[in-house]
Amino acid sequence: MSGSIQETSVAECDFDVFARACPSRGTLEHVTGRWGGLALSALYEGSLRFNELRRRVDGVSEKMLSQTLQALERDGLVHREAQPVNPPRVDYELTDLGRRVAERLLALIHCVEGSMDEVLAARARYDETRGAR
């Protein structure tokens with residue numbers, strides 16, 4: 001039964017992000033880390049050069065963005081295209097897998113952004129009862 005739904009489900013069960021040694025945990029960290037989610041979401045808009053991406057993801061250092069993109073490229077989420085021109089031009093874009101992941105991240109981002117009135121009200125109530133920190 002090659003390619004059956006049952007085989008696919010069993011293969012998917014072989015990975016458990018809650019298990020310390022599972023490789024899916026590292027990928028999840030790359031995707032949900034401070035800069036990974038923002039980089040993937042920004043690239044969902046289209047291919048960007050390194051400095052364009054750095055400007056879009058406000059606050060990220062060159063070093064952190066470079067490390068983040070390397071991790072995402074290694075995980076197969078981002079494609080890096082170096083153009084042999086002077087000065088060098090490097091473009092980044094999402095792979096098909098990266099697009100699927102970014103779509104889900106964007107849904108979460110929109111949910112959070114759309115809920116900020118509730119979040120800010122909850123913070124204010126918390127700070128009132130426990131003292132501002």
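I count Ala, Val, Leu, Ile, Met, Phe, Trp, Tyr, Cys and Pro as nonpolar, Asp, Glu, Lys and Arg as charged, and the others, Gly among them, as polar. I need this for the pocket linings below. The model I am reading is predicted.

**Entry 1. Overall layout**

I began with the chain as a whole. It has seven helices and three strands. Read from the N terminus, their order is α-α-α-β-α-α-β-β-α-α. I then looked up burial: 23% of the 133 residues count as buried. For contacts between residues at least 6 apart in sequence, I noted that 42% join residues at least 24 apart.

**Entry 2. The largest pocket**

I looked for open space next. A probe the size of a water molecule, rolled over the atoms, shows where empty space is left. The largest pocket has a volume of about 380 Å³. It is lined by 14 residues, and those closest to its centre are Thr27, Leu28, Val31, Leu97 and Val101. Helix H2 (23-32) and helix H6 (96-114) are the elements that give two or more residues to this lining. Which element gives the most to it? I find that H6 does, with six residues. By the classes set out at the top, the lining of the largest pocket divides into eight nonpolar, three polar and three charged residues.

**Entry 3. The second largest pocket**

The second largest pocket has a volume of about 220 Å³. I listed its lining: Leu38, Ser41, Ala42, Glu45, Arg56, Val57, Asp58, Leu106, Ile109, His110 and Glu113. Helix H3 (36-43) and H6 each supply at least two of these residues. H6 again gives the most, here with four residues. The split for this lining is five nonpolar, two polar and four charged.

**Entry 4. Helix H3 and Thr68**

I went back to H3 to check how covered it is. Seven of its eight residues are buried. They are Gly36, Gly37, Ala39, Leu40, Ser41, Ala42 and Leu43. Ser41 and Ala42 also appear in the lining of the second largest pocket.

I then took Thr68, which is found in helix H5 (residues 62-74). Is Thr68 buried or exposed? Its relative accessible area is 10%, so I enter Thr68 as buried, the cut-off being under 20%. Leaving out neighbours within four places in sequence, I find Thr68 in contact with Trp35, Gly36 and Ala39. Gly36 and Ala39 are among the buried residues of H3.

**Entry 5. Salt bridges**

How many salt bridges does a search of the whole structure find? It finds three.

The side chains of Arg56 and Glu45 meet at 2.9 Å, N to O. Arg56 lies in helix H4 (residues 50-56) and Glu45 in the loop between H3 and strand S1 (48-49), so this pair ties together parts that are 11 residues apart in sequence. Arg56 counts as partly exposed because its relative accessibility is 49%, and Glu45 counts as exposed at 57%. The line between these two classes is 50%. Both Arg56 and Glu45 are in the lining of the second largest pocket.

Glu62 forms a salt bridge with Arg54, with the closest N and O atoms 3.7 Å apart. I have Glu62 as partly exposed, at 47% relative accessible area. Arg54 is partly exposed as well, at 32%.

Asp91 forms a salt bridge with Arg89, with the closest N and O atoms 3.0 Å apart. What is the relative accessible area of Asp91? It is 12%, so Asp91 is buried. Arg89 is partly exposed, at 34%.

**Entry 6. The strand pair and the cis bond**

I followed strand S2 (residues 78-83) and strand S3 (residues 89-94), which pair in the antiparallel sense over six bridges. As one of the partnerships, I noted that His79 has Glu93 as its bridge partner in S3. A hairpin joins S2 to S3 through five residues.

I checked the peptide bonds in that loop. Most peptide bonds are trans. A cis peptide bond joins Asn86 and Pro87, with omega at about 0 degrees. Pro87 lies in the loop between S2 and S3.

Terms used. Residues are numbered from 1 along each chain as its sequence is written. This is a predicted model: local features need pLDDT of at least 70, side-chain atom pairs count only at pLDDT 80 or more; totals for chains, interfaces and linings use all residues. Side-chain values use heavy atoms; hydrogens and water are left out. Buried means under 20% relative accessible area, exposed over 50%, partly exposed in between (1.4 Å probe, protein chains only). Contact means heavy atoms within 4.5 Å. On a 1 Å grid over the protein atoms alone, a cavity is a set of points where a 1.4 Å probe fits but cannot get out, and a pocket is an open set with protein on both sides within 12 Å along at least five of seven lines; lining residues have an atom within 4 Å of a point. Grid points are joined across faces, edges and corners, and a volume is the space filled by probe spheres set on the points. Two strands pair if DSSP finds at least two bridges between them. A salt bridge is a side-chain nitrogen of Lys or Arg within 4 Å of a carboxyl oxygen of Asp or Glu.
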